[in-house]
Amino acid sequence: MVVVLEKNITANQTLNIVKHLEEYGFRVHKTVGVQQTILAAIGVKPEFDTRKIKILDGVAEVYRITEPFKLASRQAKEDNTIIKIKNVTIGGDEIVVMAGPCAVESEDQINKIAELVSKNGAKILRGGAFKPRSSPYAFQGLGEEGLKLLKQAAEKYGLLVITEVMEIGQIELIGEYTDIYQVGARNMQNYSLLKELSKVNKPVFLKRGLSATIEEMLMSAEYILSNTNKDVILCERGIRTFETYTRNTFDLSSIPVVHKKSHLPIFADPSHATGMRDKVIPMARAAVAAGADGLMIEVHHDPDAALSDGPQALFPDQFSEMMRQIKLIAEAIGRKI
Ligand code: PEP
Ligand code: MN
């Protein structure tokens, strides 16, 4: 940590700052410059709250030079985390597509969609059985029945399963049906849920919170990595800004940022990011070009009849076209789909 001192600082104030830093366990090295004096506080303390120093008299600025996350950081583990689930590898050269409806609605619906996504090269079937809806009056999902239908459809068409877990009490039940647990944007900072998921032996797909910084997303990943689970997949799904023409603002810059700061794979979800199907294909192309390790896409055989998120679901022929286009982009950047 670097502490920049105010120009007119008194000797006593400087002593007081040094005393505090030492009490917090740092070694202090003072550098007197022409313009300003700085204190280098030496000692890695990811948990340290820098405001404890910022608040002291005579402090102009405090800069952290190590990341507050450890297990998720590239410094802790240089190689990319590669996650193998049955015949699917995440985080390697291949860009993996997870696709399916927003929610599992019926046996017929999930089977039709599973067939279509599998035929077009997706590897993982998505579909909510427990849905975190913004309105309590909206369709909440089929619950366990939805999980059963999702797993059956996935098995029939050779796909893996991903579905959302909303609370600790659902972990065991969902674990019987899913290959990957999804933590939704609204639960990204549900730390008790994340702590429980750090003990499961299945990967966790962690979606960026609606107003979360990249650092906060990585801190949430840190919770999941804090026990035996080492398999976290991050997902950029857009953040809330002042923009109203899209549902969220798709922060694609988080992809190269995460790749630099962390060894964890990161996916992108242009469906929830934009909220409108006409924006999904262009942003899927952009996400692949930006280096996403995979995509999460909502698709429906009859979007107009979908019980949730119909306007952002791709029509079947649009999904095929998207897959065709992103394969070309993947090839251009030395990856494959
Ligand atoms: C979802 O993927 O079903 C979902 C609800 O997305 P998010 O948590 O990103 O809003
Ligand atoms: Mn949805």
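**Note on salt bridges, the manganese site and helix α4**

1. R51 is exposed, with a relative accessible area of 58%, because any value over 50% counts as exposed. The model in which this value was computed is a predicted one. The side chain of R51 meets that of D49 in a salt bridge, with 2.7 Å from N to O. D49 has a relative accessible area of 29%, so this partner is partly exposed.

2. How many salt bridges are there? The count comes to 15. The pair D49 and R51 is one of them, and further pairs are taken up below.

3. K207 and D269 also meet through their side chains in a salt bridge, again given as 2.7 Å from N to O. This pair links distant parts of the chain, since K207 belongs to strand β11 (residues 204-207) and D269 to the loop between β13 (266-268) and α9 (270-274), 62 residues apart. Are K207 and D269 buried or exposed? K207 counts as buried at 4% relative accessibility, and D269 counts as buried at 0%. Both values fall under 20%, so both residues are placed in the buried class.

4. A further salt bridge joins the side chains of D309 and R247, at 3.4 Å from N to O. These two residues are likewise in distant parts of the chain: D309 is in the loop between β14 (294-298) and α11 (316-332), while R247 is in the loop between β12 (232-236) and α8 (254-261), and 62 residues separate them. D309 counts as buried at 18% relative accessibility, whereas R247, at 36%, counts as partly exposed. Elsewhere, R208, E236 and D251 are joined into one network by salt bridges that share partners.

5. D309 has a second role in this description, as a donor to the manganese ion (ligand 2). Which residues are the protein donors of this ion? They are C102 through SG, H272 through NE2, E298 through OE and D309 through OD, at 2.0 to 2.4 Å from the ion. Along the sequence, the spacing of the donor residues is C-x169-H-x25-E-x10-D. Two of the donors, H272 in helix α9 and E298 in strand β14, link distant parts of the chain, 26 residues apart. H272 and E298 are both buried.

6. Helix α4 covers residues 144-156 and has 13 residues. From its first C-alpha to its last, α4 reaches 18 Å, close to the 18 Å expected at 1.5 Å a residue.

7. Which residues of α4 are buried? They are G146, L147, L149, L150, A153 and A154. Seen down the axis of α4, these buried residues fall within an arc of 165°, so they line one face of the helix. On the other side of α4, E155 and K156 are exposed.

8. What do the buried residues of α4 pack against? Their contacts are with two helices, α3 (107-119) and α5 (171-175), and two strands, β8 (124-126) and β9 (160-164). Just after α4 comes G158, which takes a positive phi of about 65°.

9. Last, the overall division. The protein is split into domain 1 (2-63) and domain 2 (83-332). The C-alpha centres of domain 1 and domain 2 are 43 Å apart.

Note on methods:
Residues numbered from 1 in each chain as written. Chains lettered and ligands numbered in written order. Predicted model: local features only at pLDDT ≥ 70, side-chain atom pairs only at ≥ 80, totals over all residues. Heavy atoms only, no water. Salt bridge = Lys/Arg side-chain N within 4 Å of Asp/Glu carboxyl O. Buried < 20%, exposed > 50% of the residue type's maximum accessible area, 1.4 Å probe, protein only. Helix = DSSP H or I, 4+ residues; strand = E, 2+ residues; numbered from the N terminus. Donors = N, O, S within 2.8 Å, 3.2 Å for Na, K, Ca; no water. Expected span 1.5 Å × (residues − 1). Arc of directions from axis to C-beta. Contact = heavy atoms within 4.5 Å. Domains from an automatic or database assignment.
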